[in-house]
Structures are given as C-alpha cells and as structure tokens.
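The following exercises guide a reader through one protein chain. Each task is followed by a solution that proceeds step by step.

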Amino acid sequence: LQKTSEDLDTKHKTLLLEAKDEALKIKEKAVKEYEQKEKYLKELEEKIRTRESSLDKRAEQLDSDKQRLTSQEQVLRTTQNELDELKKQQVGQLEKVAKLTMEKAREQLLASAEKEYAPDILNQLKKQREALKEDADKEARKIIATAINRLATDQIAESTVSAVALPNEEMKGRIIGKEGRNVQAFEKATGVDVIIDETPDSVGLTSFDPVRRAVAKMALEMLVSDGRIHPTRIEETVTKAKSEINNQIKEAGEAAVEEVGLPALPTDLVKILGRLKFRTSYGQNVLKHSVEVAHIATLLGQEIGANIDVLKRAGLLHDIGKAMSQETPGGHLQLSVDICRKYGLSDEVIHAVEAHHEDIEAETVEAIIIKAADAMSGARPGARRESLESYVKRLTELENIANSFKGVDKSFAIQAGREIRIIVKPEDVDDLGAFKMARDIAKKIEDNLQYPGTIRVNVIRETRASEVAK
C-alpha cells in the first residue's frame with residue numbers, strides 16, 4: 001500500500017509539472033500573438049493616419065481649385081455679358097444701316113436660299129429621310145414583329161350575352177308568374193330588367209352592370225332548368241348564382257395573374273381584376289385586353305431591356321378602374337391609379353398606369369411601352385368593333401382635309417383609314433412642295449381628328465415627259 005501511494009504521488013507530481021509546462025507554453029503563445037496583433041494594429045493605425053493626412057491635403061487642394069474655378073466662372077460670365085451687349089449693339093447698328101430687322105433679313109435669306117438651292121435641299125431631304133426611315137423601320141419592324149409573332153391571342157373577344165334561351169313558350173308565363181309576382185321578385189333580387197317580348201323561346205336581361213347581368217343570366221338559367229319558379233325559390237337561386245359568379249371572378253383574376261406570370265397579388269386586388277371578365281370596351285373583353293397588353297409589353301420590354309416586372313404589373317392593371325361600378329366616382333384612369341396606390345404597387349407601376357392615356361407625360365421607358373402596347377391591343381384588326389357610321393365619317397373627313405389643300409387633284413383614304421394617298425397636280429406642286437404638303441396635312445389631321453393608332457400620309461407627284469414624233 002505504501003508503495004502504491006508513493007507511485008500515485010509521483011504520477012500526480014509528473015502530471016502537475018506537465019500541466020504547468022503546457023500552461024506556460026499556451027501563455028507564451030498567447031503573449032506572442034497579442035504582440036503580433038498589437039504591432040499590426042499600430043501599423044494599420046499609422047497607415048490610416050497617413051491616409052487621413054493625405055485626404056486633408058487633397059480636400060484643401062480641391063477647395064482651392066473650387067475657389068479658383070468660381071473666380072474664373074465669374075470672369076467668363078462678365079465677359080459673356082459684355083460680348084452679348086456688343087453683339088446687340090452691332091445688330092442694332094446693322095439693322096439701322098440696312099433698314100431691315102434681323103427677322104426680316106433671315107426670312108429673305110431663307111427664301112432666297114430655298115429658291116436657289118431647292119434641288120440640293122430636296123436631294124438632301126430625300127437622302128436623310130430615306131436613311132432615317134430605313135433605320136427606324138428596320139428596328140421598329142424587328143421589335144414589333146418579334147413581339148407579335150410570339151403572342152397567340154383570339155382575333156375577336158367574346159361579348160357578354162344578355163339573352164336566355166327557353167325550352168318553350170309556356171316557360172315565359174311561368175317566369176312572369178301570377179300577376180307578375182315572379183318577374184318582379186326576380187328583378188328585385190338581381191337588380192336587372194327582364195324583357196319579355198314576342199321573340200320566340202327567349203327572354204332578355206338588361207342592366208348597366210355586367211356583373212349583375214351575369215348573375216341574373218345564371219340564376220334564370222338555373223330556374224328554367226329546375227322548373228320550380230316562385231319568389232322563395234328565386235331568392236335562393238339568385239344567392240347561389242351570386243356565390244358562383246364571385247367564384248368565377250376570383251378564378252378569372254387568379255388565371256390572369258398566372259397567365260401573365262406574376263407572383264401572388266393581394267386577394268382583394270385579384271377579385272377586382274377578375275370583375276373585368278364581365279366588362280367590355282368597344283366589344284373587346286377588358287380582362288383579355290389587359291392580359292394581352294401585359295404580354296405585348298413584356299415581349300417589347302425583353303427586346304430593349306426594360307423592367308419586365310413593372311411591365312407585367314402595369315400592363316395587367318392599367319384598366320383595373322373599369323372594374324368599378326358607376327357608384328364609385330371618378331374616371332377609370334384615376335380609379336386605376338388609386339387602386340394601384342391602395343394595394344402598395346411601386347411608383348414605377350403607378351406612373352406607367354397613369355401615363356398610358358397621355359394624361360401626363362411618360363417619363364420612363366416602361367410607361368412608353370405600356371402606352372404603345374395598349375394602342376396595339378386596341379387597334380389590331382378584329383380587336384374592337386366600330387360603327388359603320390363613324391368609320392365612314394372618319395374616311396370622309398380624312399379626304400376632305402386632304403382636298404382642302406391647294407394643288408390636290410385626288411385623295412383616297414385606304415387601309416381602313418390608316419393611310420391616305422394624295423395625288424397632286426405636278427404643275428402646281430413641285431417636289432419640295434410635296435414634302436411640305438405631306439407634313440402640313442399630317443399636322444392638320446392631328447389637330448382636327450381623333451383616331452386610334454397612326455395615319456400615314458403619302459403625297460404622290462407624277463412627272464410625265466411626252467414628245468410627238470413627226
């Protein structure tokens with residue numbers, strides 16, 4: 001036992017010595033690292049101090065240069081004012097000697113130059129116009145063709161139908177009910193007017209609110225299919241139809257957001273968007289139009305490197321104000337802006353929405369693209385219907401404007417009013433005059449007519465050379 005105790009004491013002392021040695025090594029290592037870090041920090045501090053000193057000197061030099069430049073600018077401004085005053089005095093003296101104002105002299109000089117160098121001016125104008133037209137047409141055609149060729153959409157959007165087919169004439173009597181109580185209950189529950197006339201196997205539904213009209217149409221179809229028509233049943237069916245239409249509105253909004261490729265929008269905003277399914281503008285479904293504008297804007301934006309997210313949101317929501325009923329005051333443009341602002345959309349999106357009808361000037365590329373995409377969607381063939389009367393009237397007005405100019409022989413409005421060709425009398429209008437006439441006619445059309453898209457003005461001057469052989 002004594003030997004074992006001695007061995008344990010020996011081991012204990014040995015371990016204690018080893019621990020002390022290890023602790024000493026760790027302490028020495030820590031001290032060495034501390035000294036190295038302290039040395040590094042001192043060097044870094046010295047570098048910072050040197051750099052601060054250098055920056056202070058540079059700042060002083062900049063202040064000195066700024067003062068010198070300010071002084072030189074004042075001298076230059078004084079010199080410029082003196083030169084302007086001398087120029088004014090010289091012009092006044094020249095006008096006094098020539099007995100002719102500068103404006104009159106400029107007009108005479110321009111008239112003389114135009115008369116003497118008309119052929120040269122005309123050639124230069126032709127070259128510049130051809131070069132600019134070739135470049136602009138090539139780039140515009142490339143961008144638009146690329147965008148449109150990638151877009152697949154219906155040529156004609158569906159319109160809301162306000163007629164309900166009946167299986168037989170007896171059903172009309174059941175819809176009317178005893179002393180008209182059924183039809184009165186139906187009109188009261190839906191808020192639409194029921195038109196029952198001599199049209200066979202059909203009744204009409206009229207309302208300024210297309211959502212109400214859709215609810216009424218669905219409810220009436222359900223009642224006709226069920227066959228049980230009485231006031232209590234009418235109320236139940238209308239409630240069920242309202243619920244179904246609300247589901248359709250939500251689904252339509254969600255489908256539009258998904259089709260455009262946007263992340264989830266606020267639920268209430270999606271419901272408002274879905275109401276556009278039941279709105280039309282000149283026969284074009286507004287929801288389909290909004291989706292189409294978003295697609296066109298996205299494709300155009302991809303070609304020129306614009307912000308795609310802004311284009312998708314602004315394109316889809318630019319007409320969302322049209323979803324609001326007449327009970328909400330304000331035009332659809334202001335309502336669209338208010339809705340976008342209410343649901344926290346970015347300033348870029350709000351500006352693009354607000355500028356798409358040129359109520360304010362477009363200040364961003366995205367706003368310009370939305371305006372162009374909206375015009376393209378509304379003006380493409382088959383998108384919207386136009387009354388024959390207004391169509392013929394616009395063609396007539398185009399030709400009347402062209403015929404009002406001196407030297408016009410004939411004019412023809414073609415391509416559905418998107419182009420007008422004017423044939424002039426060559427003896428009354430020269431080549432330079434033809435360019436002027438085209439510009440003046442285009443300006444008068446812009447000032448006097450309202451029209452979708454653009455109208456191309458082509459002035460044609462035919463030169464004939466004839467001789468008689470004897």
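**Exercise 1. The first three-stranded sheet**

Which residue in S3 is the bridge partner of Ile195? Locate that pair in the model, which is a predicted one, and then describe the sheet around it.

*Solution.*

Step 1. The bridge partner of Ile195 in S3 is Gly204.

Step 2. Consider the strands to which this pair belongs. Strand S3 comprises residues 202-206 and is joined to S2 by three bridges, with the two strands running antiparallel. Another pair between them places Asp193 opposite Thr206 of S3.

Step 3. Turn to the other partner of S3. S1 and S3 are also antiparallel and are joined by three bridges; here Val164 stands opposite Val203 of S3.

Step 4. Assemble the order. The three strands form an open sheet in the order S1-S3-S2, and the pairing is antiparallel. S1 (163-165) and S2 (193-195) are the edge strands, each pairing on one side only. On average, neighbouring strands are turned by 25 degrees against each other, direction ignored.

Step 5. Examine the connection and the surroundings. The hairpin of S2 and S3 has six residues between the strands, and Asp201 takes a positive phi near 50 degrees there. Helix H6 (residues 210-226) lies across S1 and S3, at about 155 degrees to S3. S3 is mostly covered, with four of its five residues buried.

**Exercise 2. The second three-stranded sheet**

Determine the order of strands S6, S7 and S8 in their sheet, and explain why one side of S6 and of S8 is left without a neighbour.

*Solution.*

Step 1. The order in this open sheet is S6-S7-S8, and the pairing is mixed.

Step 2. S6 (408-414) and S8 (456-460) stand at the edges; because each has a single partner strand, one side of each is left without a neighbour in the sheet. The twist from one strand to the next averages 15 degrees.

Step 3. Inspect one pairing in detail. S6 and S7 (residues 419-424) pair in the antiparallel sense over six bridges. Within this pairing, Ser411 has Ile422 of S7 as its bridge partner.

Step 4. Add the helix. H15 (residues 431-448) lies across S6, S7 and S8, and runs at about 150 degrees to S8.

**Exercise 3. The nonpolar cores**

Which residues of the largest nonpolar core touch the most other members, and which elements give two or more residues to this core?

*Solution.*

Step 1. The core has 41 residues, and those touching the most other members are Val257, Leu269, Leu273, Leu316, Leu317 and Ile320.

Step 2. Two or more residues come from each of helices H7 (231-260), H8 (267-274), H9 (286-304), H10 (308-317), H11 (332-342), H12 (347-354) and H13 (365-379). The largest share, eight residues, is given by H9.

Step 3. Follow one member. Leaving aside residues up to four places away in sequence, Ile320 touches Leu269, Ile272, Leu273, Leu276, Ser336 and Ile339.

Step 4. Note that another core, of 26 residues, lies apart from the largest one; Phe186, Val192, Val211 and Met218 are among its members.

**Exercise 4. Helices H10 and H11**

How many of the ten residues of H10 are buried, and against which helices do the buried residues of H11 pack?

*Solution.*

Step 1. Eight of the ten residues of H10 are buried, and the helix is mostly covered. The buried residues are Val310, Leu311, Lys312, Arg313, Ala314, Gly315, Leu316 and Leu317.

Step 2. Look at the start of H10. A side-chain oxygen of Asn307 comes to within 3.2 Å of the backbone nitrogen of Asp309.

Step 3. In H11, Leu333, Leu335, Ser336, Val337, Ile339 and Cys340 are the buried residues. The buried residues of H11 pack against H8, H10 and H12. Just after this helix, Gly344 takes a positive phi of about 75 degrees.

**Exercise 5. The whole chain and its confidence**

What average pLDDT does the chain have, and how many helices and strands does it contain?

*Solution.*

Step 1. The average pLDDT is 82, and 86% of the residues score at least 70. Over residues 154-161 the pLDDT is below 50; this stretch has 22 contacts in the model beyond near neighbours in sequence.

Step 2. The chain contains 15 helices and eight strands. Of its 470 residues, 31% count as buried.

Step 3. Among contacts between residues at least 6 apart in sequence, 61% join residues at least 24 apart.

Conventions: Residues are numbered from 1 along each chain as its sequence is written. This is a predicted model: local features need pLDDT of at least 70, side-chain atom pairs count only at pLDDT 80 or more; totals for chains, interfaces and linings use all residues. Side-chain values use heavy atoms; hydrogens and water are left out. Two strands pair if DSSP finds at least two bridges between them. Axes are lines fitted to C-alpha atoms, for helices over the stretch in contact, and angles run from 0 to 180 degrees between N-to-C directions. Contact means heavy atoms within 4.5 Å. pLDDT is the predictor's confidence in each residue, from 0 to 100. A nonpolar core is a set of buried Ala, Val, Leu, Ile, Met, Phe, Trp, Tyr and Cys residues joined through side-chain atoms within 4.5 Å. Buried means under 20% relative accessible area, exposed over 50%, partly exposed in between (1.4 Å probe, protein chains only). A polar contact is a pair of N or O atoms within 3.5 Å; within protein, one must be able to donate a hydrogen and the other to accept it, and residues adjacent in sequence count only if both atoms are side-chain atoms.
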